[in-house]
Amino acid sequence: MEVATTAVWTDCLEIIKENVDEQSFNTWFKPIVPVRNDGDVLTIQVPSQFFYEWLEENYVPVLKKAVRTVLGENGRLEYSVVVDSGNQMSPPVTVNYPNGNGIKKNTPTNGTSHHSEYSPFAYKALDPRTVNSRLNPNYLFDNFVEGDCNRLARSAGVAVAKKPGTTSFNPLMLYGGVGVGKTHLVQAIGNEIKKNMPDKVVLYVDQNDFTNQFLNALQNLKMQEFQNFYLQVDLLILDDVQFLAGREKTQEIFFNIFNQLHQSGKQIIMTSDCPPRDLKGFQERLLSRFKWGLTADLQEPDFETKLAIINNKMQSDGIEIPTEVAEYLAYSVDTNLRDMEGVLNSLLFHATLLKRNIDLDLAKEVLKNIIKEIQSDVSVDYIQKTVADYFKVEMEQMKGKVKKREIVIPRQTAMYFCKRYTQLTLALIGENFGGRDHSTVIHALESVEDMMKVDPNFKNSVDELTKKFKSRMSA
Ligand code: ADP
Ligand code: MG
């Protein structure tokens, strides 16, 4: 990128900054990368199709103003949209806008679809008011707290809820780890659509539902009925698609349903625990379908968001919770939000039924019990012992104060495995190593990661230990 291009964009940003609020500026303008400037035309790169559409829908006046001020009256903007950010094997793919025909919507041509194979002849029409959508009415946008970790996914969700099937976010694919709010968000979209458009057939299925119905239909020769049912759905939400991995037949049928729904402008929403390109055991053609629309991730919530979620939940249950308790929980529960839910419910239980005050002591007590429950087979004790044996040091030394390298490395390695294989918070891991604090644990995790990069022998040891723990977990 030339210096001139950067300078032009920096000038534009100055103007934009004066015209939008800080939040919008950070979300929508900071991630933009200027790529080219040919006199009148400035080309900027944006991270996704969604991003591009969002800019076009909301910020055209300010963008125009900025570009014309900096480049002159004929100044124009072109976009380079990253549609797939690629990986080590395949480079990123971008699409440029506007192209010859103005804005190209990403309606893919459908060379491989099996359109006529399953045309629904005779079917019982579904009545949208009586179809069981399988939605949980408690999962709403209203109680879905927005944070940096989920902003893009949430915005996409809101857009889809307003205009299901008619935005280019079709399918909408949300991905992220356990408990980051995928199910909550997709159900919120479903509930919102049902509320505002009661004549739409909305259906939420998790993968279990889908596979069971499918197997059932297969056994009873009711395949046609199964498909006809799905083809009448206006909004199909398939939660946790990663479980379709390796199920050829189920994927096949889903592929057909997907194509037909998509072709007739019906909205499809899916979630998965990893980005589509990392999904294993999927037919390539199905994976490529997943990328047609918008893929957005949800990340682990940051401290602020966790705090807001805690306060939100407590408020809706009519409970006052002291700030220090909320902060303690936001800081300590670093496994996932589902565990947080458990902790909060337990707190509520103690407060309402046992009439106890919610204070720091109670919070600590509750946390201790819950954390014990969510521990896996691989306990701290087991990890310490295994690592101590492996490096031939004494178990006591794991918790002791000795700072010699021969002891520190096994100790740090054990901490590293505790973080990986137990659900313990950093603070509690530290506690289990002779009362060390969470920053010591963070330091240990970093040291181990660094050593693995530079020391192949050490990396090898970690790999061997990993195998031990893995085999124990699958035993
Ligand atoms: P996932 O499907 O990603 O595993 P869930 O949607 O089941 O996660 O979320 C786990 C719990 O955390 C649920 O109780 C959900 O309501 C809550 N939760 C997650 N994200 C948020 C959020 N942003 N605001 C409020 N609650 C949330
Ligand atoms: Mg879920």
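Aromatic pairs were searched for across the whole structure, which is a predicted model, and 18 were found. In the pair formed by F25 and F29, the ring centres lie 6.3 Å apart and the planes meet at 25°. Because this angle falls under the 30 degrees that bounds stacking, the F25 and F29 pair is classed as stacked. Both residues belong to helix 2 (residues 22-29), where a spacing of 4 residues separates them by about one helical turn. F25 has a relative accessibility of 6% and is therefore counted as buried; F29, at 0%, is likewise counted as buried.

A second arrangement is seen for F210 and F254. Here the centres of the rings are 5.7 Å apart and the planes stand at 80°. As angles over 60 degrees count as edge-to-face, the pair of F210 and F254 is assigned to that class. F210 is part of helix 7 (residues 207-219), whereas F254 is part of helix 9 (residues 248-263), so the contact ties together parts that are 44 residues apart in sequence. F210 and F254 are both buried.

These two residues also belong to one aromatic cluster. Its other members are F214, F226, F229, Y230, F258, F282, F290 and W292.

A contact between a charge and a ring was found as well. The charged end of R285 is placed over the ring of F255, at 3.9 Å from the ring centre.

Terms used:
Residues are numbered from 1 along each chain as its sequence is written. Chains are lettered from A and ligands numbered from 1 in the order in which they are written. This is a predicted model: local features need pLDDT of at least 70, side-chain atom pairs count only at pLDDT 80 or more; totals for chains, interfaces and linings use all residues. Side-chain values use heavy atoms; hydrogens and water are left out. Rings of Phe, Tyr and Trp (its six-membered ring) pair if their centres lie within 6.5 Å; planes under 30 degrees apart count as stacked, over 60 as edge-to-face and the rest as tilted. Helices (H or I, at least four residues) and strands (E, at least two) are DSSP runs, numbered from the N terminus. Buried means under 20% relative accessible area, exposed over 50%, partly exposed in between (1.4 Å probe, protein chains only). A charge sits over a ring if NZ of Lys or CZ of Arg is within 6 Å of the ring centre and within 35 degrees of the ring normal.
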